[in-house]
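Ready for a few warm-up exercises? Have a look at the model below, try each task yourself, and then read the worked solution.

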Amino acid sequence: MKIATLRIPVDRVSNTGTPDGQLVVVSDDLTGIEGMAAQSLQEWLDKGFGNVTRNHSLSFPDSGVHSPLPRAYQFLDGSAYVNHVELVRQARGAQMPDSFWHDPLMYQGGSDSFLAPTDDIVGDPDWGIDFEGEIAVITGFVPMGASREQAAEAIRFVMLCNDVSLRNLIPGELAKGFGFVQSKPACSFSPVAVTPDALPGWDGAKLHGVLRIDLNGEPFGRVDAGTDMTFDFPTLIAHAARTRNLAPGTIVGSGTVSNKLDGGPGKPVAQGGAGYACIAEQRMIETILTGAPTTPFLRPGDHVKIWMEDDNGASIFGAISQTVRHIKDKT
């Protein structure tokens, strides 16, 4: 099953609308709405799928779609592709602790409001605005101390994520020893989330397939999400649930998809490589190879597109398609 959440604008004066939107069932080819649920996705996760009004005459809109969960009780983002972490540390001359290969890195991100997949990314270019192409899952209830098998059974939906990062703010925050806050603004998810049983390339623990990222219409990344994933989703979920329950609707992200090809750091798509799922990683490679980065972070007017296709070239989740806008232009 494929689902999406239509926006229902909130009017604070008349007290109408809902930030949780309208849950709909989407056709496999993403062209039509097959049914409308009498609840939000969060309600479905809490109570089970209720009544669905079947309607095959509605087309699936290109806009007006929110992230599948417009807000969530919890968003936990891992760093499952340890090659990404290794490159970060190599670029700054730091050693890679052995523990990073068997104990996942994870942070708790803001989840009170996510961006829609076509919302602008608003910020100051001095902050070092970057995208991060990721895979993410939505869970049902996960008990504290869950086994890897219990964690796998709790995965309800799979989707794509753009975990927006403000690279120039990260060092100062991490230096405080207390984690990310300002450097991790609202992120966005693909228009459509898919149940694992309906997802080509899903092996029960990770998603195999090429994550595609274009920057300003040019290929930037063609990275394989099923390759070099050191920690799969059941491992990440069980790690998060070690000391606490996870509520239904918890989102767990993979971290930046990153491939280590030919025993080296990889190459940009324009040079015949798989490219990268974030600008920071390309800048790391430039630093390692030449001593300094040359690729700039995002500027106002830049456009990012993130999507994945099946073997027939059809979009699986729809596309995250966002343009950068200066915070001074925010209305």
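**Exercise 1. Find the ring cluster.**
Which residues join Phe75 in a cluster linked by ring pairs?

Solution. Start at Phe75 and look for its partners: ring pairs link Phe75, Phe114 and Phe189 into a cluster. Keep in mind as you go that this is a predicted model. Next, widen the search to the whole structure, and you get seven aromatic pairs.

**Exercise 2. Classify a pair.**
Work out what kind of pair the rings of Tyr107 and Phe180 make, and where the two residues sit.

Solution. Step one is the geometry: the ring centres of Tyr107 and Phe180 are 5.0 Å apart, and their planes meet at 75 degrees. Centres within 6.5 Å count as a pair, and planes over 60 degrees apart count as edge-to-face. So the Tyr107 and Phe180 pair is edge-to-face.

Step two is location. Tyr107 belongs to strand E7 (residues 106-109), while Phe180 is in the loop between helix H4 (170-175) and strand E13 (188-189), so the pair ties together parts 73 residues apart in sequence.

Step three is exposure, where under 20% relative accessible area means buried. Tyr107 has 15% relative accessibility, so Tyr107 counts as buried. Phe180 has 25%, so Phe180 counts as partly exposed.

**Exercise 3. Try another pair.**
Are Phe131 and Phe220 buried or exposed, and how many residues apart are they?

Solution. Begin with the rings: Phe131 and Phe220 form an edge-to-face pair, with 5.4 Å from centre to centre and 80 degrees between the planes. Now trace the chain. Phe131 is in the loop between strand E9 (129-130) and E10, and Phe220 is in strand E16 (residues 218-224), so you're looking at a link between distant parts, 89 residues apart. As for exposure, both Phe131 and Phe220 are buried.

**Exercise 4. Place a serine.**
Where does Ser147 lie?

Solution. Look in the loop between strand E10 (133-139) and helix H3 (148-153), and you'll find Ser147 there. Then check its surface: a relative accessible area of 27% makes Ser147 partly exposed. Last, hop over to Ala241: it is 94 residues from Ser147 along the chain, yet their C-alpha atoms are separated by 9.0 Å.

**Exercise 5. Zoom out.**
What radius of gyration does the chain have, and what would a compact globule have?

Solution. For 331 residues, a compact globule would come out near 20 Å; the chain has 19 Å, which agrees. Now add the secondary structure: six helices and 19 strands. To finish, 52% of the residues count as buried.

Definitions and conventions: Residues are numbered from 1 along each chain as its sequence is written. This is a predicted model: local features need pLDDT of at least 70, side-chain atom pairs count only at pLDDT 80 or more; totals for chains, interfaces and linings use all residues. Side-chain values use heavy atoms; hydrogens and water are left out. Helices (H or I, at least four residues) and strands (E, at least two) are DSSP runs, numbered from the N terminus. The radius of gyration is taken over C-alpha atoms; the globule rule is 2.2 Å times the number of residues to the power 0.38. Buried means under 20% relative accessible area, exposed over 50%, partly exposed in between (1.4 Å probe, protein chains only). Rings of Phe, Tyr and Trp (its six-membered ring) pair if their centres lie within 6.5 Å; planes under 30 degrees apart count as stacked, over 60 as edge-to-face and the rest as tilted.
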